[in-house]
Amino acid sequence: DLDNILSLSISPEVPIRYMNYHGMFVPDSYQLIADSIENFQIRDDDVWVCSFPKAGTTWTQEMVWNIGNNFDPNMAKTPLPIKFPFVEFTGTTTTGWISLNKADSIFPDHMSKSVEYAANLPSPRFLKTHLPFNLLPRQLRTREKKSKMIYVARNPKDVCISYYHHYKLLEGYCSTFENFSKLFLGDKVYYAPFWDHVISYWDNKENNDILFLTYEGMKKDLSSVIKQTAAFLNKSPMSPEQLCRLKEHLSFDSMKKNPAANYENAAESINASKIFGENFKAEGVFIRKGEYGQWKSFMSPELIERFDEWTKLKLENHRDLFDKMI
Ligand code: A3P
């Protein structure tokens, strides 16, 4: 069963305890920062990038930050975690947390550091979160300020493949893709359930000034997405040369080489061996393949069918979202 797969698939040195926090699957240490997230003070000129992990968050952040800052290749060299912090990150694993009992002893001063850092950044702030809409800071959910949100979504089959590689790199995962896909479909990966996450933003986009982007849309026509995002951020249109330079800066090959965005040393910097034990070997890279439709060659026909049925069921009442994403 799923709990069994979960406990056997993460390095046994760290018995992670999970919880369901208002419907979101997370390690129990989320409790330590939940209040500071809920009460996080929003500013009118904040720009947020929100997503389910592996939807193309990093790519979107790099695009949004450069549009917001009138693309200057020199300024762009500031590393993403500094110019665009991940608000609920606690300095332990990439997706944020290890279990409560371990977090305190391994990283006593890391908990809630990122929330504090983000809270103290000068305006205009650029902030990243993976939280579903209903768990965003209260002032952001209730539109107390005029801040803007950009949500990026990606086909769940490619998200699942990318998340599997991410888990092997940074979350202590040591089992098969087959088992990982069961955890994904069974809502036992961080920030699950997937479709509820996407729907939470989709349903709120009109009332909340949310620009809804897709990874596939960015792959197919990045110029249009850049123009759309610039208009959304009330920026004047770029010159064709500037647009061309920004597109080159955001290309997969440039991002893969860009130390400010490629999280090349992420596994070392989170001290993966300290968290998951000396036997855990981080496998892979963060900016990995950058394609859509990988599932066609990566997944078995049976698994594709399981995903399709699951999607059909979850999007029964969201035909418009189905048409946009599938
Ligand atoms: P793959 O693992 O499928 O390659 P996130 O930033 O949300 O964690 O998403 C990571 C995914 O975005 C990875 O997908 C990564 O390769 C992809 N990605 C990052 N930069 C990209 C770019 N410039 N172009 C296309 N894909 C990119």
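Trainee: What makes the pair between G56 and the ligand a polar contact?

Mentor: A polar contact is a pair of N or O atoms within 3.5 Å. A polar backbone atom of G56 is 3.1 Å from an oxygen atom of the ligand, so the pair falls within that limit. Keep in mind that this is a predicted model: local features need pLDDT of at least 70 and side-chain atom pairs count only at pLDDT 80 or more, while totals for chains, interfaces and linings use all residues. Residues are numbered from 1 along each chain as its sequence is written, and side-chain values use heavy atoms, without hydrogens and water.

Trainee: Which distances do R288 and Q294 give to an oxygen atom of the ligand?

Mentor: From a polar side-chain atom, R288 gives 2.8 Å and Q294 gives 2.9 Å, so these pairs are polar contacts too. The protein covers 97% of the 570 Å² of accessible area that the ligand has on its own (Shrake-Rupley method, 1.4 Å probe).

Trainee: How do you know which residues surround the ligand?

Mentor: A residue counts if one of its heavy atoms lies within 4 Å of the ligand. That gives 19 residues, the closest being T57, T58, S162, Y215 and K289. Among the helices (DSSP runs of H or I, at least four residues), α3 (57-68) and α14 (252-257) each give two or more residues to this shell. α3 gives the most, with 3.

Trainee: What makes the shell around the ligand a mix of classes?

Mentor: It has 8 nonpolar, 7 polar and 4 charged residues. Asp, Glu, Lys and Arg count as charged, and Gly is among the polar ones.

Trainee: Why is the space where the ligand sits called a pocket?

Mentor: On a 1 Å grid over the protein atoms alone, a pocket is an open set of points where a 1.4 Å probe fits, with protein on both sides within 12 Å along at least five of seven lines. The ligand sits in the second largest pocket, so more than half of its atoms lie within 2 Å of the pocket's grid points. About 560 Å³ of space lies in this pocket.

Trainee: How do you know which residues line the second largest pocket?

Mentor: Lining residues have an atom within 4 Å of a grid point. There are 35 of them, and G56, W59, Y215, I287 and G290 lie nearest the centre. By class, the lining divides into 13 nonpolar, 12 polar and 10 charged residues.

Key:
Polar contact = N/O pair within 3.5 Å; in protein donor to acceptor, adjacent residues only side chain to side chain. Points joined across faces, edges and corners; volume = space filled by probe spheres on them.
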